[in-house]
Amino acid sequence: MVLAILIISFFLESIFSNIVPTHTIFNPLFTLMSIILIYPYFNKKNSSYYKTCFIIGLFYDLVYTDTIVFNAFLFVLMGLIIVKLNDLFANNYLNSGLMATIVIILYRIITYLFLILTGNINFSLIILFKSIYESLIANIIYIMVMYGITDYLSRKFKITKTT
């Protein structure tokens, strides 16, 4: 189930990015959302989960960005946050959407600060807020739909996941 979620998210992000123009209110981060969806399937085996986050972040770097390991480490950091959020919240529709919102905001803030520190952009709160709200709608819809599908398949095929 984990590999299917990662592959679908990775390719769907590419397709969605090519269909929908950039800088709209539908800016996809489906690969990042996939690490929220896959965590329950690791059944508290966090080291395997972090390795998976690193690998998918590395693929994300190679395919979608011009960085080498930035997103690999950032996905691990987001994985750490997801583990902590799963300790606080039950695994359900509402909480998946809440976790997606938190992860998107933190991801956008960290990448924005990185771009400022490297001199690629100048500081502007408007740009930061725009990048956050452009990412929220499509990704929350995506995680809710994928959560429903994966939850249904998990119950139907008796695939164990933590709650």
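This short report walks through the overall build and the nonpolar core of the structure above, which is a predicted model.

Let's start with the fold. The protein chain has 6 helices and 0 strands, so reading from the N terminus you meet α-α-α-α-α-α. Its radius of gyration is 15 Å, close to the 15 Å that the globule rule gives for 163 residues, so the chain is as compact as a globular protein of that length. Among contacts between residues at least 6 apart in sequence, 68% join residues at least 24 apart.

Here are some whole-chain values to keep at hand:

| Property of the protein chain | Value |
|---|---|
| Box filled by the C-alpha atoms, along the principal axes | roughly 50 × 30 × 30 Å |
| Residues that count as buried | 43% of 163 residues |
| Exposed area | about 8800 Å² |
| Share of that area from carbon and sulfur atoms | 73% |
| Separation of the mean positions of the 10 positive and 6 negative charges | 13 Å |

Now for the interior. In soluble globular proteins, nonpolar side chains tend to be buried together. Here the largest nonpolar core has 36 residues, and L32, M33, I35 and Y49 have the most contacts inside it. Two or more residues each come from α1 (2-19), α2 (30-38), α3 (46-64), α4 (70-88), α5 (93-117) and α6 (125-156). The largest share, 8 residues, belongs to α4.

Which residues does I35 touch, leaving aside its neighbours within four places in sequence? I35 is in contact with Y49, C53, I56, F75, M78, G79 and I82. One of these partners, Y49, is also among the residues with the most contacts inside the core.

Key
Residues are numbered from 1 along each chain as its sequence is written. This is a predicted model: local features need pLDDT of at least 70, side-chain atom pairs count only at pLDDT 80 or more; totals for chains, interfaces and linings use all residues. Side-chain values use heavy atoms; hydrogens and water are left out. A nonpolar core is a set of buried Ala, Val, Leu, Ile, Met, Phe, Trp, Tyr and Cys residues joined through side-chain atoms within 4.5 Å. Buried means under 20% relative accessible area, exposed over 50%, partly exposed in between (1.4 Å probe, protein chains only). Helices (H or I, at least four residues) and strands (E, at least two) are DSSP runs, numbered from the N terminus. Contact means heavy atoms within 4.5 Å. The radius of gyration is taken over C-alpha atoms; the globule rule is 2.2 Å times the number of residues to the power 0.38. Accessible areas come from the Shrake-Rupley method with a 1.4 Å probe; for residues, only the protein chains shown count as cover. Lys and Arg count as positive and Asp and Glu as negative; His and the chain ends are not counted. The place of a charge is taken as NZ of Lys, CZ of Arg, CG of Asp or CD of Glu.
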